[in-house]
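Got a new structure in front of you and wondering how its labels are earned? Let's go through some of them, one question at a time.

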Amino acid sequence: LRGTLKDPMEIARCAVPRRIYDAPLEGVLRKEFVEANPFGASMVVDFAQEQRVPRIVRLLVQCIYVLGGLETRGIFRLAADADSVAYFRAEIEEGDYGCLEHTIEIARSGPGTPAGAEVFGSYAALREPNEPADLLKYWLRKMHPPLIEYGAYEAAIRAARTNDPAAAKAVFAALPPANRATLRYLFRFFARVAERAEVNMMTADNIALVVGPNLMRNQSGDAMVFARNADTERCFVQMLIDSAHEL
């Protein structure tokens, strides 16, 4: 962007959302940038064209790692305590990730952590890996548009129906840079989870089944289309998890 913003669509795109939910990826990246750099020139940056992974994604994945998520049976499939997830969801919704940072710090400090360290100031620490896994799925599910954008949906379905990994990777390559960077990060993480399937029981197929609907969806919202395409969406996401290190 250069000069004065006159186009209402451009003005709307440059707005900083209040919450990290129900916001586009570009808006979340802009919000995180503004809060880390309050005097930075965020208005002139098109964050959709930046190879950035949102900090919320990196922190939630780190929480899953340090809380032993790779060795947790049914990670991403089994739900955490609903009240606990609701509490942490409210904690982070306006971009304050202190509870996630505190969780990572506590987990890395080892078994000698002093009693009561689970709470530091106003921040409580997450206690088990299904909590950040649920938070990550919720954030992805609430993103509008989804990471695999509506315009890519039909091409993704065609690639899955023909079981064509090359076509799936072409769909991925056509997404905006920020979407590619975030999906690449997630798919490589999911591939690492799948590598421990003998322990956590979550193969690439199982992971795709539970996270796929959070990454892509038909814009029509038609329940019949959802039912008809659910398995095809799973196949598409699985192909990208299997190809994660080639993306």
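Q: Why is arginine 196 called partly exposed?
A: In this predicted model, arginine 196 has a relative accessibility of 28%. Partly exposed covers the range between under 20% and over 50%, so arginine 196 gets that label.

Q: What makes glutamate 198 exposed or buried?
A: Its relative accessible area is 57%. The cut-off for exposed is over 50%, so glutamate 198 counts as exposed.

Q: How do you know that arginine 196 and glutamate 198 form a salt bridge?
A: Their closest N and O atoms are 3.6 Å apart. The rule asks for a side-chain nitrogen of Lys or Arg within 4 Å of a carboxyl oxygen of Asp or Glu, so this pair qualifies. By that rule, the count comes to 14 salt bridges.

Q: What makes lysine 142 and aspartate 22 a salt bridge?
A: Here the N to O distance is 3.4 Å, and the limit is within 4 Å, so the label fits. The pair links distant parts of the chain, 120 residues apart: lysine 142 sits in helix α6, while aspartate 22 is in the loop between α1 and α2.

Q: Why is lysine 31 called buried, or is it exposed?
A: Lysine 31 has a relative accessible area of 6%. Buried means under 20%, so lysine 31 is buried. Its salt-bridge partner, glutamate 35, is partly exposed at 43%. The closest N and O atoms of these two are 3.0 Å apart, and both residues lie in helix α2, four residues apart, about one turn of the helix.

Q: What makes the phi of phenylalanine 76 worth a look?
A: Phenylalanine 76 has a positive phi of about 80 degrees, although it is not a glycine. Most residues other than glycine have a negative phi. You'll find phenylalanine 76 in the loop between α3 and α4.

Q: How do you know whether phenylalanine 76 is buried or exposed?
A: Its relative accessibility is 0%. With buried set at under 20%, phenylalanine 76 therefore counts as buried.

Q: Where is methionine 201, and why is it called partly exposed?
A: Methionine 201 is in the loop between α10 and α11. At 38% relative accessibility, methionine 201 falls between the 20% and 50% cut-offs, so it is partly exposed. Its phi is positive too, near 65 degrees.

Key. Residues are numbered from 1 along each chain as its sequence is written. This is a predicted model: local features need pLDDT of at least 70, side-chain atom pairs count only at pLDDT 80 or more; totals for chains, interfaces and linings use all residues. Side-chain values use heavy atoms; hydrogens and water are left out. Helices (H or I, at least four residues) and strands (E, at least two) are DSSP runs, numbered from the N terminus. Buried means under 20% relative accessible area, exposed over 50%, partly exposed in between (1.4 Å probe, protein chains only).
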